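Visitor: Hey, could you walk me through the aromatic rings in this one? I'm new to it.

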Amino acid sequence: MQIISVNPADTSDIVTSIQAPSVQDVVEATRRAHQAQAAWAKVPAPARGRVIAAVGRLMEANKDSLAALVTREIGKTYAEALGEVQEVIDTCDFFLGEGRRLYGQTVPSEMPDKQLFTFRAPVGTAFIITAGNFPTAVPSWYIVPALLCGNSVVWKPAEVSPAISYAMTSIFHAGGVPEDVLVTIVADGATTSAALEQVLEERLVQKVGFTGSTAVGRAIGELTGRHLQSPCLELGGKNPMVVMPDANIDLVVEGALFAGFGTSGQRCTSLGTLWVHDDIYDEVKARYVNAVENAVVGDPRKDVLYGPMISQGYLDAHERNLGLIESHQTTLGSTGIGRITASNPRAGFVGDPESGFFAHPTIVEGIRAGDALYDTETFGPLVGLGRFGSLDEAIELANGHGYGLSSAIYTNNPQWVWKFRSAVSSGMVSVNNSTSGAEAHLPFGGNGRSGNGSRQSGVWVLDQFTRWQAVNWDYSGRLQKAQMDVMELPSDPEFRL
Ligand code: UN1
């Protein structure tokens, strides 16, 4: 069987075709990575940091061609693709210096002539499964720190982006990462899941990282749990944007346009529902609808807000989600809904809509708690619109579906900001900014249905790819027993002034 990737903006352009691996192929790839890990861990961390520096420089030198490949293989606009590769470079920049830190601690002992220390030890081999919507940036969030910390990596990218994944891997290898220390293998879901069961059983893998749907994340959590492992899970979102009565409406419209429809809505951080206070509802709605109606959709190489869906599968899922629209809701924002075609045209479309998987932007007005679209992650150009009367109500709506990835509030009132920050359940909160577009060195991750509390990026991800080793060294020449042979200085408990 072949895995074929096509340009989603021009389906006559076959980007690549690769032989699909068997379960045994994936297991063998993992075995290779497992065997290579010990030698990699012996490379001094500053030397591993130099490798990450070289990888970062190569990413920078190849930025345009890698971004062009992202645009060609998954249809992300070229401007966003450049931003995505920049996020890889930023991640390398952050971690190259970590090679000279990876700090442990010295800790005082309760006994004399004894020293305590902590060391960060690599976990071993990481099995990383990533999605197609961020085919370079999100993998780098796992791969770069995992390698820096002395782990080997098996990377299982999405089937929609094999060309990008192998290009990216070749840059890691050219930067000095040994071939077997980063092994990339594109496989389908069933093969991957069967292989994962086996490699966990054989103890070839000590950490699983997964970015994708909540349903698959749950299955990975169950599987790894049976092996006493805690995976790094970055799952779905239904990210709310709460607009308070004092909000700057220009900012709201710009933020909600990008958050909702940038990347065709295919980010885990994309806007789910725009919740607007009753007092300014009509004005925000009118201006948002106008902005969405006038947004330019089409050829991702051109100056457009968004291009095609990543693949036929993503378009099909979007069309299924349109079936969740209920009779009390209204669709706004375009000349049609669903796939853009010659007979279902989009005003101002750039290029030929029939050549790719393009979809109309759709605002669904009238979202209420309990509606299917209230708590279904839609991962496409579909934004819910709803209203509220008080901040308490908005917070309840923001949390009620159980997702907790990203959220935003638009206001200039500090009391509302701080109340929202402390009450919202999401791992990431934006104030007067889009729900998407997190910077590469803050903790990234979610709670509840969005993940198991693991965090990527910055120093926080080090806890995913290292384990603390506690060392005590007694040089007193005798056995000093903790808690028992402890020096106690006299005190006078009866003393009063
Ligand atoms: C994702 O969609 O899985 O914060 C990640 C953002 C991007 C990453 C999104 N930096 O929107």
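Guide: Sure, and keep in mind that this is a predicted model. Let's start with Phe-379, which is partly exposed at a relative accessible area of 21%.

Visitor: What about Tyr-314, how exposed is that one?

Guide: Tyr-314 is partly exposed, and its relative accessible area is 21%.

Visitor: How many aromatic pairs are there in the whole structure?

Guide: A search of the whole structure turns up 7 aromatic pairs. One of them joins Phe-94 and Phe-95, and it is edge-to-face, with 5.0 Å centre to centre and 75° between the planes.

Visitor: Is Phe-95 buried or exposed?

Guide: Phe-95 is buried, with just 2% relative accessible area. Phe-94 has 24% relative accessibility, so it counts as partly exposed.

Visitor: Back to Tyr-314 and Phe-379: why is that pair called tilted?

Guide: Their ring centres are 6.2 Å apart and the planes sit at 40°, so the pair is tilted. An angle from 30 to 60 degrees falls between stacked and edge-to-face.

Visitor: And where do those two residues lie?

Guide: Tyr-314 is in helix α11 (residues 312–322), while Phe-379 is in the loop between β13 (362–365) and β14 (382–388). The pair therefore ties together parts that are 65 residues apart in sequence.

Visitor: Switching topic: which residue lies over the face of Phe-134?

Guide: That's Lys-76, at 3.4 Å from the ring centre.

Visitor: What about the face of Tyr-281?

Guide: Arg-387 lies over that one, 4.2 Å from the ring centre.

Key:
Residues are numbered from 1 along each chain as its sequence is written. This is a predicted model: local features need pLDDT of at least 70, side-chain atom pairs count only at pLDDT 80 or more; totals for chains, interfaces and linings use all residues. Side-chain values use heavy atoms; hydrogens and water are left out. Rings of Phe, Tyr and Trp (its six-membered ring) pair if their centres lie within 6.5 Å; planes under 30 degrees apart count as stacked, over 60 as edge-to-face and the rest as tilted. Buried means under 20% relative accessible area, exposed over 50%, partly exposed in between (1.4 Å probe, protein chains only). Helices (H or I, at least four residues) and strands (E, at least two) are DSSP runs, numbered from the N terminus. A charge sits over a ring if NZ of Lys or CZ of Arg is within 6 Å of the ring centre and within 35 degrees of the ring normal.
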